[in-house]
Every structure is written in structure tokens, then in C-alpha cells.
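Subject: Structure for your review

Dear colleague,

Please find below the structure I am handing over to you. I would be grateful if you would keep it open while reading the notes that come after it.

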Amino acid sequence: AEMVKGNPNKGKSPGKKGKAKPGGGLPTGVAGDGPSIGQQTSHIKNKQRRTDLYGKLKKKKKDEKVKEREKRAKVAAEAIELGQLPPPKQIPRTIENTREKDVTMVEPGDEEVLADEAQDEFADYFNGLQSPKVLLTTSQKPSAIMFRLLEDLLKLIPNAWYYKRGTYEVKQITKYAANNEFSHVVVINENRKTINGLLVIFLPDGPTAHFRLSNLVISKKIK
């Protein structure tokens, strides 16, 4: 007699898995780790049943959180009554404390960064070793609006001095300012009686920054 091996999967569709019946009760492990509420309900095609189950799971998770919070408060109160230290409070998860450490981030007190800052062009200024002394000048042939702005800047910037531009080039002005212990030169540019730029030069070796100005309103017109 020949032995015939039976197929244990006979009568079953290969490759298909059974689906949970909607509304068939609440799955276990809802309020812990594992799939989210949306993942647990996404397989339900009927919108009404999916919404109902989602609400039930949401409520269950909320109730479990409340019970856990009450339990921790009770344990803390009992510890205080016994003269013991209560359990440490849970630290909420935030973007900052869950961010993975980046090797490119600089820690406070980094020796390499401190050395770079010590050699920075503005090191003397930020360390209080140099007091700012600013030379203000304008483009050639300034208009009346330029002098109104200069009045505001002289009131705003401490230890600022105005020098008439005349026919001098910017290189000549910076050389004069460096020889007279100025720390900055500020050149205000004007085109067709419209102030449109600000050139800030740090002495003696730079850097230099250029700022574009638009919609300028002097202090007398500010209500």
C-alpha cells in the first residue's frame, strides 16, 4: 500500500491572511508601545465602524493615562507621608531631548572654537578691549534727506562722528579713519535723492558689509 501525504493547507487560499472583524472588541496593548490607533483601525473599510472603533480606542488610551497619572500621584503622596523622597517626575518627550546627537554640533567650551573666536576680527570688540569709534560719511553731493538721516544716526550710534565726503574715495577715507583710531567707517549711499545703501567697514582689515535700504522713514515722520 502506498502512503499518501496529505496537504495541511488543503482548502485554504495560499498567501491570504485572516482579517480582524470590525467591531469585534478592543485589541489588547492599546495604550503601550506598538501600532498607533490609526494603524489599528486603518484596515476597516466602513467609515462609521472605523470612526466608532477609533473613538473607543482613543477613550481607552486616555483613561489608562489618567489611571497611571493618579497612580503615580498616590505613590508620591505615600512616600512624602513616610518621609521618603517621591519618585522622580517623568520627563516629557520633546524634539530637543529626543534628537539624535550630531557629530557636527559644537559643545560649549570647545577648545578649537574658543581658539577661533580668540583670533576673530571682532574679538577685541566683544571682549571689551576696543571701544567703538564710528566715522559717518555720505555719497558725493548729498541731498537734504541725507542730513536728516545723519541727525538720527548721530543720536543713535554712540561715539559717532560725521565727516564731509567731498571728492575723497572710500579707500582714502578708510586709510584716514584707521590712522585716527576709528573702529568703523559707515558710508551712506544715495541715488537720485533716494537713500538706497549702507556700507559698513570694520577697521583696519575688514570685514566689510553692504546693506540695501528701502522704504526709509526718518524719525521726524514717525508718529
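The notes below cover the nonpolar cores, one strand, and the empty spaces.

This is a predicted model, in which local features need pLDDT of at least 70 and side-chain atom pairs count only at pLDDT 80 or more, while totals for chains, interfaces and linings use all residues. Residues are numbered from 1 along each chain as its sequence is written, and side-chain values use heavy atoms, with hydrogens and water left out.

Nonpolar cores

A nonpolar core is a set of buried Ala, Val, Leu, Ile, Met, Phe, Trp, Tyr and Cys residues joined through side-chain atoms within 4.5 Å; buried means under 20% relative accessible area, with a 1.4 Å probe and protein chains only. The largest such core has eleven residues, including V134, L136, A160, V186 and I188. Two or more residues each come from β1 (134-138), α6 (144-156), β3 (184-191) and β4 (194-202), and α6 gives the largest share, four residues. Helices (H or I, at least four residues) and strands (E, at least two) are DSSP runs, numbered from the N terminus. Another core, of eight residues, lies apart from this one and has L135, A177, V187 and I201 among its members.

Strand β1

Because five of the five residues of β1 are buried, this strand is largely enclosed by the rest of the structure. Its two faces are both covered, with V134, L136 and T138 on one side and L135 and T137 on the other. β1 pairs with strand β2 (residues 160-162) in the parallel sense over three bridges; pairing requires that DSSP finds at least two bridges. The bridge partner of V134 in β2 is A160.

Empty spaces

Both kinds of space are found on a 1 Å grid over the protein atoms alone: a cavity is a set of points where a 1.4 Å probe fits but cannot get out, a pocket is an open set with protein on both sides within 12 Å along at least five of seven lines, and lining residues have an atom within 4 Å of a point. The largest pocket holds about 210 Å³ of space. Its lining comprises R69, R72, A73, V75, A76, P86, P87, P88, K89 and Q90.

A search of the whole structure finds one cavity of 30 Å³ or more. R148, E151, D152, I218, S219 and K220 line the largest cavity; by class, four of these residues are charged, one is polar and one is nonpolar.

Yours sincerely

Technical notes
Buried < 20%, exposed > 50% of the residue type's maximum accessible area, 1.4 Å probe, protein only. Points joined across faces, edges and corners; volume = space filled by probe spheres on them. Nonpolar A, V, L, I, M, F, W, Y, C, P; charged D, E, K, R; others polar.
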